[in-house]
Amino acid sequence: MKSVNVRIDKIFEPASAVTATDIAALRPEIEQGNALLHSGEGKGNDFLGWVNLPSSITPAQLDEIQEAANVLRNEADLIIAIGIGGSYLGAKAVLEALSGSFDSLATPKKGVNPRVLFAGQNISEDYTWELMEATKNYDIAAIVISKSGTTTEPAIAFRIIRDEIERRYGKEHAARRIVAVTDESKGALRKLADTEGYRTFVIPDNVGGRFSVLTPVGLLPLAVAGVDVRGLVAGAAEMEKLTAEASFDENPAMQYAAARTALYRAGKKIEILASYEPKLQNIGEWWKQLYGESEGKEGKGIFPASVTLTADLHSMGQYIQQGERTMFETVIRVAEPAHTFRIEADKENLDGLNFLAGKRIGEVNGMAILGTMLAHVDGGVPNIVVELPRIDARTIGALLYMFEKACGISGYALGVNPFDQPGVEAYKKNMFALLGKPGYEAEGETLRKRL
């Protein structure tokens, strides 16, 4: 089995209106999309730095990231990573996937098991107050991630957290506890970092936020948390090579992109990413930004949603099974759990579960996956299956890169620029106007009359 294998045979059902012939017909278009990503001749070609990023990361660069991470690990019990969107989703997704489900029960301790927390991804007053309250009895440090330094949500959080670090440790020692991941030469955060003497890492100009998890944006917080970032990069590099060289039928990114494209053109407008491992829930959150921000433009695009099963079968299961037939599922299936836990027989058998005695919980989960897939396919919901051998750093790195590559190919097949996001500025303009930001006074007055 490849590190990531994509199966599309469960989309060839009468209700999906997609056949193997349809997929074969897409081959030239999908291959062209992949070629455009490597040649740099397609739309958004100034943001293609991610395409060959994994193989271009050097051991020296990883050493520098790890060294900076070790400094923070030895300074603080809690390291607060400040960012929004692509500046935090990838790190959070990988951290959750590769951590123990209950690691939060262990007391964080510098040099041993410091913990990474996240801030700047919202403007919740309660979240901010509770974060500062929860961290007041621990040594803290910060990683602030922003290309400009002026994005509202992380800028507010960084102002508060920076002030707290300086209050506790003084300006000189605070500089050792703050690392900035930002633009190489311009922007408010770059200016502040240079003035205050913060250690810095660069966000490459040719890598957009939602594709930045394998830059210091993601790698530094993950290294601080103790994640095997070398394994993560190695897995992504393996997938980079595979998706650049493998034929259409053996290329997981091309297969995924082709299946999505065929289903969209057949009227399936919603994609549900489903996983049966709670650890992968935030992979779904990262994936939603990747595809939603890349494809949702010009009145086009598949709407990305995610569920964690089997839990969501008891909430969303009814709609998926019998709701409007405009959706398809992409199911992440993990072949082998990391641990073994068998179900024991019970003398009374009041719950009627003795037929499961001796079976691993993973076996039960596996049959739930197959049973659900068959039920949903029979109910008119085509299923794409993304198979992982296990959950580890190399496999997750490969998975992230596969989704990125397929996203670029799918965007080109859709006819949009997958690497811009012109629509995200509208809410910011309205928010600034309503808050009375200088230069927005007239717009603010107009908006207030509408409310």
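In this tour, a residue is called buried under 20% relative accessible area, exposed over 50%, and partly exposed in between, with a 1.4 Å probe and only protein chains considered. The model is a predicted one, in which local features need pLDDT of at least 70 and side-chain atom pairs count only at pLDDT 80 or more, while totals for chains, interfaces and linings use all residues. Residues are numbered from 1 along each chain as its sequence is written, and side-chain values use heavy atoms, with hydrogens and water left out.

**Stop 1: a surface patch and helix H6**

Begin by selecting Ile-156, which counts as partly exposed because its relative accessibility is 39%. Add Ile-123 and Ile-160 to the selection, and you have a nonpolar surface patch whose three members together offer about 240 Å² of accessible area. Patches of this kind are built from residues with over 30% relative accessible area and no salt bridge, with nonpolar side chains (Val, Leu, Ile, Met, Phe, Trp, Tyr) joined within 5 Å and like charges within 9 Å. A salt bridge here is a side-chain nitrogen of Lys or Arg within 4 Å of a carboxyl oxygen of Asp or Glu, and the areas come from the Shrake-Rupley method with a 1.4 Å probe, for which only the protein chains shown count as cover of a residue.

Now extend the selection from Ile-156 to the helix that holds it, H6 (residues 152-176); helices (H or I, at least four residues) and strands (E, at least two) are DSSP runs numbered from the N terminus.

**Stop 2: strand S5 and its neighbours**

Select strand S5 (residues 178-182) next, where 5 of the 5 residues are buried, so the strand is largely enclosed by the rest of the structure. With side chains shown, Ile-178, Ala-180 and Thr-182 point one way, whereas Val-179 and Val-181 point the other way.

Strand S4 (residues 140-145) pairs with S5 in the parallel sense over 4 bridges, where pairing requires that DSSP finds at least two bridges between two strands. To see one of these contacts, select Ile-143 together with its bridge partner in S5, Val-179. With H6 added, S4, H6 and S5 can be viewed as a right-handed β-α-β unit; right-handed means that, with the strands pointing away from the viewer, the path from the first strand over the helix to the second runs clockwise.

S5 also pairs in the parallel sense with strand S6 (residues 199-202), over 4 bridges, and here Ala-180 stands opposite Thr-200. Following the chain from S5 through helix H7 (residues 188-196) to S6 takes you along another β-α-β crossover, which is right-handed.

**Stop 3: aromatic rings**

Show the rings of Phe, Tyr and Trp, since the structure holds 13 aromatic pairs; rings pair if their centres lie within 6.5 Å (for Trp the six-membered ring is used), and planes under 30 degrees apart count as stacked, over 60 as edge-to-face and the rest as tilted.

Select Tyr-88 and Phe-118, whose ring centres are 6.0 Å apart with planes at 55°, so that this pair is tilted. Tyr-88 lies in the loop between strand S2 (78-82) and helix H4 (89-98), and Phe-118 in strand S3 (residues 115-119), so the pair ties together parts that are 30 residues apart in sequence. Both Tyr-88 and Phe-118 are buried.

Move on to Tyr-256 and Tyr-291, where the centres are 6.1 Å apart and the planes at 80°, so that the pair is edge-to-face. Tyr-256 sits in helix H10 (residues 252-265) and Tyr-291 in helix H11 (residues 281-295), which places them 35 residues apart. Tyr-256 counts as buried at 0% relative accessibility, and Tyr-291 likewise counts as buried at 0%.

Before leaving the rings, select Trp-50, Phe-211, Tyr-401, Tyr-412 and Phe-419, which ring pairs link into a cluster.

**Stop 4: strand S9**

Select strand S9 (residues 327-334), which is mostly covered, with 7 of its 8 residues buried. Strand S7 (residues 270-275) pairs with S9 in the parallel sense over 6 bridges, and Ser-275 can be found opposite Ile-332 of S9. S9 also runs parallel to strand S10 (residues 383-388), joined to it by 6 bridges, and Arg-333 has Glu-387 in S10 as its bridge partner. From S9 the chain crosses through helix H13 (residues 361-378) to S10 in a right-handed β-α-β crossover.

**Stop 5: helix H8**

Finish with helix H8 (residues 216-224), where 9 of the 9 residues are buried, so the helix is largely enclosed by the rest of the structure. Gly-226 follows H8 and has a positive phi, near 90°.
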